[in-house]
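Here is a walk through a structure, meant to be read with the viewer open beside you. Take your time and turn the view as you go.

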Amino acid sequence: MCVLAYYFEAAGFSTVLVGFVREHIEALEPPRALWLDFPMGRPFGKPNDPAYQAKVIRAALKLFNASSGPVVVDFPDIIPVKDGRMGYAIPPEYVFTTEEIGDIDVLVEEVQSEIQALLPAYESARTFRGRTTVGASELAINELAPYIAEFVKGNKPKSPRKGVTAIPLLKLVVEDLNAYYTEARTHRDNIDDFELLGTWFWEESKAGKLIMWLEAVSLESDDKVLRQIVDMSLITPRFWSNGPLPGTSASGW
Amino acid sequence: MVRIVDMPTIGRGFISDLEMIEFESPAWTAPVPASERRVAIVSTAAVSRRGEKPFSWLARDYRAINKNDRDLVMTHVAAEYDRTAWQQDLNAIMPLDRLEELAQSGEIDSVAETHYAFMGAANPRDMEKSAKEVIGRMQEEGVNTVFLAPV
């Protein structure tokens, strides 16, 4: 992003950026930067808090008052994170092996029941917000778990979506399933706590368990891409874990 | 205060190993007065309109988003950052409503019609061609100020 700032500034635009990694800002020296000591994923601080968002924007726009640069300023507020991690991470010890995988058809039924139970909250959230972020995969909600289950069974289903192959679609399906749950829960219980939501989805829900089974199967898969995206924490959130996924080297990184 | 040294092992290793590009000379464009600022947001959150082609994992391209678009999806490759904030409120990552309020209160001139999204995981050197396209579009639209935001 600092590099994009350089391209735009060099073309005659005045730029300002907000960023999370101060060392990168210092190294890349974009013209004007406001450093945020926030968790990643929320560069304007807090959802549904217009005053807070405006405070971040105004602090950034204030950097246009500088007559020369580069300018780096620290935003005064801190949004604390847990143990230095910038997002939720599954505990390193929470893993499934392929030997622990049970009846996948039963689990899919359990996920479908969870989805059904969350439907009123999801619909209410969608109406209240006037939008939903679910749908990047373009599969219907009740198609998400069966699609993931095919991979758990060792199959590689044909992608139903033109222009998107099976494994990239799998990633979007996982994200849609996660988004469906968290959109419903944040609205239903009026909570904004990604650690709580991560624990609930990944460690407690049946949907999370389904994806954990997918992770276990993928790590032993003959499909290099499937193995690699799991090793790189692109399916399950382990990037901020205190160690690599057992049985892997985190070599993808 | 979270610095790279405070981050857990894997994330710390990845983030500290990222290549830092050096430029021969720093860029600097003197800003226009606040009352003349026409602002576009450039986000690296890999958001796009529903139904558009998803971003590929190391995409060099970009998506254009109208200031009134709200039916957006995210196809960023990374899974390490919080997505629940933007699920609740687009302004948590792309503050289009907040900028509109600043325009109404006279703190900026106006909000551009079009805003832009890139895939933050890609190498920024590979984005130069797309950046040039975006520059052309912003010039056509009279944008003079760019607000960049990560995710």
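In this predicted model, the C-alpha centres of domain 1 and domain 2 of chain A are 34 Å apart. Domain 1 covers residues 2-78, and domain 2 covers residues 98-231. If you fit a box to the C-alpha atoms of chain A along the principal axes, it comes out at roughly 65 × 40 × 40 Å. Nine helices and three strands make up the chain's regular elements, and their order along the sequence is α-β-α-β-α-β-α-α-α-α-α-α. Of the 253 residues in chain A, 48% are buried. Looking at contacts in chain A between residues at least 6 apart in sequence, you will find that 67% of them link residues at least 24 apart.

Now go to the start of chain A. Met1(A) sits in the segment that precedes α1 (2-10) of chain A. Is Met1(A) buried or exposed? Met1(A) is buried, because 27 C-beta neighbours lie inside 10 Å, and 20 are enough for a residue to be called buried. Setting aside residues up to four places away in sequence, the contacts of Met1(A) are Leu17(A) and Gly19(A) from chain A, together with Thr44(B), Gly120(B), Leu148(B) and Pro150(B) from chain B. Thr15(A) is 14 residues along the chain from Met1(A), and the C-alpha atoms of the two are 11 Å apart.

One of those contacts of Met1(A), Leu148(B), takes us to strand β7 of chain B, residues 145-149. Why can this strand be called largely enclosed by the rest of the structure? The reason is that five of its five residues are buried. In a regular strand, side chains alternate between the two faces of the sheet. In β7(B), one side carries Thr145(B), Phe147(B) and Ala149(B), the other carries Val146(B) and Leu148(B), and both faces are covered.

It is worth looking at what pairs with β7(B). Strand β1 of chain A, residues 14-19, runs parallel to β7(B) and is joined to it by four bridges. Here Thr15(A) is opposite Val146(B), and Val16(A) is opposite Phe147(B). Strand β1 of chain B, residues 38-43, also runs parallel to β7(B), with five bridges between them. In that pairing Ser43(B) is opposite Ala149(B).

Let's step back to the contact between the chains. How many residues of chain B are in contact with chain A? There are 66, and they meet 78 residues of chain A. On the chain B side, the elements that supply two or more residues are α1 (9-17), β4 (72-74), α2 (84-88), α3 (96-104), α4 (128-140) and β7. The biggest contribution comes from α1(B), which gives six residues. By type, this side of chain B consists of 41 nonpolar, 13 polar and twelve charged residues.

The start of chain B is part of the story too. Val2(B) lies in the segment before α1 of chain B. Val2(B) counts as buried because 22 other C-beta atoms are within 10 Å. Beyond its neighbours within four places in sequence, Val2(B) contacts Asp37(A), Val81(A), Gly84(A) and Met86(A) in chain A, and Met7(B) in its own chain.

Next, look at the nonpolar interior. The largest nonpolar core holds 127 residues, and those with the most contacts inside it are Leu4(A), Ile148(A), Val173(A) and Ile93(B). Helix α6 of chain A, residues 166-188, provides the largest share of this core, with eleven residues. Each of the two domains of chain A, domain 1 and domain 2, adds at least three residues to the core. Ile93(B) contacts residues of both chains: leaving out neighbours within four places in sequence, its partners include Pro43(A) and Phe44(A), as well as Ser43(B), Trp86(B) and Ala149(B).

Finally, follow chain A to helix α9, residues 224-231, where Leu226(A), Ile229(A), Val230(A) and Asp231(A) are buried. In an α-helix there are 3.6 residues a turn, so residues three or four places apart point the same way. Among the elements covering the buried residues of α9(A) are α6 and α8 (206-219) of chain A. Just after α9(A) comes Ser233(A), with a positive phi of about 60°.

Note on methods: Residues numbered from 1 in each chain as written. Chains lettered and ligands numbered in written order. Predicted model: local features only at pLDDT ≥ 70, side-chain atom pairs only at ≥ 80, totals over all residues. Domains from an automatic or database assignment. Buried ≥ 20, exposed ≤ 12 C-beta atoms within 10 Å, placed from the backbone. Contact = placed C-beta atoms within 7 Å. Pairing = 2+ DSSP bridges. Nonpolar A, V, L, I, M, F, W, Y, C, P; charged D, E, K, R; others polar. Core = buried A, V, L, I, M, F, W, Y, C linked by C-beta atoms within 7 Å.
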